[in-house]
Amino acid sequence: MFGESVRQLMAINALLALSIYLTLACGQLSLANAAFMGIGAYLGAVLTLNAGWPFWAVIVAAVIVPMLVAVLVGLPSLRLRGVFLAIATLGLGEVLRVVIVNLRATGGAEGISSIPVKTHDWHLALALAVALYLTWRLRGSRMGYAFEAIREDETVARTMGINTTRYKLIAFVLSAALAGLAGVLKAHLFRAITPGDYGFVQAVDILTFAVVGGSASFLGPALGAVLLTALPELLRSNVLRDVVNFEAGWQTLFLNGVILLLVILFLPNGLVSLFTRQWRRPTPLASEPATVEAT
Amino acid sequence: MPDINWSQQLLNGLFAGSAYALFAVGYTLIFGVLDILNLAHQAIYMLGAFCALVLVTGNVAGLGPLPGGMQLPFWLATLLAMLVAGLLGILLDRLAFAPLRKRPDTHFSGMISSIAVALIFEALATWLFLPQRSQFPAGTIRPGAVTLGQGALSYSRVLVIVAALVLVVLLTVLLRFTKLGKAIRAVAENPKAARLLGINVEAIYSFSFFLSSALGGAAGIFYGLAVSRLDPTMGRSVELKGLAVIILGGMGSVPGAVLGGYLLGLTEVLSVALTNTSNYRDAIAFVLLFLILVLRPSGLLGARRVREA
Amino acid sequence: MARHIRWTSLGVLALILTGLMLTACGAASTPTTAPPPAATGAATGAATRAATTAVSGGAATTTAPRATTAAVGSAVAGGPTKDVKVGVVLSLTGDSQIYGSPQRQAVQLAVDEINAAGAIPGIKLVPAFEDDAGTKDRGITAFEKLIKTDNVTAIIGPTLSNTAVAAFPVAQQAGVPSLGVSTTANGIVEIGDYIFRDSLAEAQVIPTTIKTAKEKLGLKKVAIIYGIDNAFTKAGYDVFKKACDDNGIQIASTQTYTATDTDYSAQLTAIKGTNPDAIIVSALAEGANIAKQARELGIDAKVTIIGGNGLNSPAYIRNSGPAGEGTIVGAAWNSTNDNAANQKFIAAYKAKYNADPDQFAAQAYTGVYILAEAMKNAGPNVDRKTLRDALAGIKGLATPLGTFSFQADRNADHPPVVQVVKGGKFEVLK
């Protein structure tokens, strides 16, 4: 029912949602995914256009460089908790945006356009399959248990002998890798990138995918990404237009907000709880000590 | 090397800082009391400004004149608009935050639900006030400027500085010396204990939202008047800088938000004055923010675990 | 427990439906969509009928369900007419809605006029509006939906160049002629032979502006302020800078701002310190605020403000007030041009929307007339291919922008104008 590019967007957004799931699974509210996506996209575009690298090498570079940046940024910032980490990582994204706007190599405000289309559907399918497999295998693995312990209570996890810094960094770096991958694939699919694509709005969108989908299991974020990508397209539907004289514009924005609000209010475990019979107690995404006393 | 007009640039910085502070005090108040980030604060800021505009001009752009063609003087419109913004704040709390209060992930889901409400508010504002730039009519406030040394500041800008001072002092007095203020601080410290002491915690939450949003609305009105620019997305432009300000000052700290506001305003202005370029001005806020978070996570005035008013 | 979930989802559904009903009511009272008073009765009837019989999707030949078009369509006299759908992708929400909104009104106006006059023999235009929210993603998906689901013959828009560079390739690949009406950046028509634009690029407007301004004012030294993170204002800056260099004008200070800025006083104070003869403002709607704040800082009225297409709007004059007096604006559309098409456009726009049109509206309105002319030339069996060829052949068409032709590279060709704000009105700078 959806066009080709809607399905491709769904896949890319699912990758991004899985990217933020990795840090959420470890109890870290990082909003750096949009920035890492931007690094992957810009690096990829420059390597393809200016250096003429083959696509596979471009992808490898666009995955590895965000990982390196993640190590550099993660070491000082990952000791921040909850909302503070979120804001620090948002800040990172803004600094990156200002730098991209000012650099000559990145084309300034006009960005880079006419990037050759090199991403095919099988790239997306493969990337998504690998990401889903890895996040699925995470549960029940040694690392998965460590992540879960840190998410439940970092202090306790540390006293249990878990190297929390190491695992948090691993989650952050893996998350950066997925975001970089999504960035480079998208740049070589939709041909054009501009600095504004990787800012605050995109960062919050990615978090919304995860929260709306339900971040207790890896399926939730992916599902959230798919459905939230579909939502504005469904609101374009000619049925709505014809039957209720529904216009493109503020009415769609309004309905988008209403639906988002209702899902948050009535589905505490996210959309995924509509599809799974499991009805677990909502799991805290990150344990912030500041909130322990709040009932 | 051109001459730097120091007095003018300091006045510019004072103005920008006051505007940031005015926006951030309400923002940080909610964080202090409820430990949540209210991402709809910017939408209330916008609606407050439009509400005052409607009362001053007696006209809703998308619908037509108010019944009776009522037009109010600016000061009365401001008070009423602050009241409306405050009530919208209570509505926001009931709609987006109260239902999630018992949930363990209330911080995250609260952020998203407040974004949803912000979208709804923005959509309604686009319908009511049209997708266009509006401004307060000429003569809303006396034209002219105050001169200080080599610098000049229009009365509308002076109003922002004065309003920031007055409102912040009033808020501080309220929080420190009134019974209500003490109740707010008690709830901020420990809602359970406050409830045991017989404080109606939910009522305090509502009142905090009222206060925060009335202040946010006032910020929108005064700033919108000073820079002559109102539109349905005007709040988005202060949202991120506002976050930087409350982090700089220490989240939840009202004096911290004021200090953070002035610090950011002055730094940004001085960066332009000293380097004679503005290309990296926007990065300053966030580099500062990152450094503060890494070096002193509690912010300038935020004590580690104490959320003081 | 699963039962519990069902009930919750039912509740969600019910609330969504309530929301739908509410917004539907809101739609009926939106002034921009209200049919002209005389046709209200017929339109309401038509809308009700359309609502009960409407089918979704549909190829180019379904009946138009929209109230306005249905009402006007029934007024067309005699002869079987074929509906031809035209997609219109604009920024109707988000930060750019202030530009997309007048475009939408202008397109609707032009379509209504063309259909009412039966200007294209055998064809009735049916616009399909889509919102791209100023983003690439939504722009791409909007193009795709219009091309595949609505089966449109042509597309007008999108509003932003940044969206266009991502969305136009979709149209090019599908072979759907697309007409940008506000895209001024580089690399637009280069996307392919189905991509046209009726908006003059900054490079076609600004050199004349600077040259004229230099002659009139004897410019020696200027300062520039521009939006660094917006493709339109940044491209404008590049052209302004080159024009100054070419004319031997010294640039004493270059300042930037970002799209989220609202206070420009630090930059303007720095500019004031360099005592320029003029301030070049490469800006969009915020240009009015920049002008106003410059005067508030005591920058003398003798220091002329010079701008490009972005300042060519009645909103600039309204919002800058006395501060904007004397501003020199080089632009694609001359609002005072007394050619018949322009006067008719301004009067009709004002009558319908009770507001003065800006350049965004003028170019969007012209875009529809260009498409209509091409359809007329292509004949009643017009399809995407023949429409493209007919568009490429547009020459010497009288439009509100002046006598309009497409160049061989599908860029617009019509005379630009240098205007000056005098007594709260744009005048041609003579």
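Here are legends for three close-ups of a predicted model.

**View 1. Helix 6 of chain A and what packs over it.** This view takes in residues 142-152 of chain A, the stretch that makes up helix 6. Which residues of helix 6 are buried? They are A:Gly144, A:Ala146, A:Phe147, A:Ala149, A:Ile150 and A:Arg151. So there's an arginine, A:Arg151, in the buried set along with A:Phe147 and A:Ile150. The cover over these buried residues includes helix 1 (4-25) and helix 5 (121-138) of chain A, plus helix 7 (154-159) and helix 8 (164-190) of that chain.

**View 2. Where chain A meets chain B.** Here 46 residues of chain A touch 52 residues of chain B. Put together, the two chains bury about 4,400 Å², and 79% of that is on carbon and sulfur atoms. Don't go hunting for salt bridges between chain A and chain B: the count is zero. What does turn up across the interface is four residue pairs in polar contact, both partners at pLDDT 80 or more. On the chain A side, helix 3 (55-77), helix 4 (82-102), helix 9 (200-213) and helix 12 (250-266) each chip in at least two residues. Helix 4 of chain A gives the largest share, twelve residues. Sorted by class, the chain A side has 33 nonpolar residues, eight polar and five charged.

**View 3. The annotated domain of chain C.** The stretch shown is residues 84-424 of chain C, which an unreviewed UniProt entry annotates as "domain: Leucine-binding protein". Over these residues chain C is 43% helix and 20% strand. The C-alpha atoms at the two ends of the stretch sit 41 Å apart.

Methods. Residues are numbered from 1 along each chain as its sequence is written. Chains are lettered from A and ligands numbered from 1 in the order in which they are written. This is a predicted model: local features need pLDDT of at least 70, side-chain atom pairs count only at pLDDT 80 or more; totals for chains, interfaces and linings use all residues. Side-chain values use heavy atoms; hydrogens and water are left out. Buried means under 20% relative accessible area, exposed over 50%, partly exposed in between (1.4 Å probe, protein chains only). Helices (H or I, at least four residues) and strands (E, at least two) are DSSP runs, numbered from the N terminus. Contact means heavy atoms within 4.5 Å. Buried area is the accessible area (1.4 Å probe) that two parts lose on being put together, summed over both. A salt bridge is a side-chain nitrogen of Lys or Arg within 4 Å of a carboxyl oxygen of Asp or Glu. A polar contact is a pair of N or O atoms within 3.5 Å; within protein, one must be able to donate a hydrogen and the other to accept it, and residues adjacent in sequence count only if both atoms are side-chain atoms. Ala, Val, Leu, Ile, Met, Phe, Trp, Tyr, Cys and Pro count as nonpolar, Asp, Glu, Lys and Arg as charged, and the others, Gly among them, as polar. UniProt positions are given in the numbering used here, feature names are shortened, and annotations may be inferred rather than shown by experiment.
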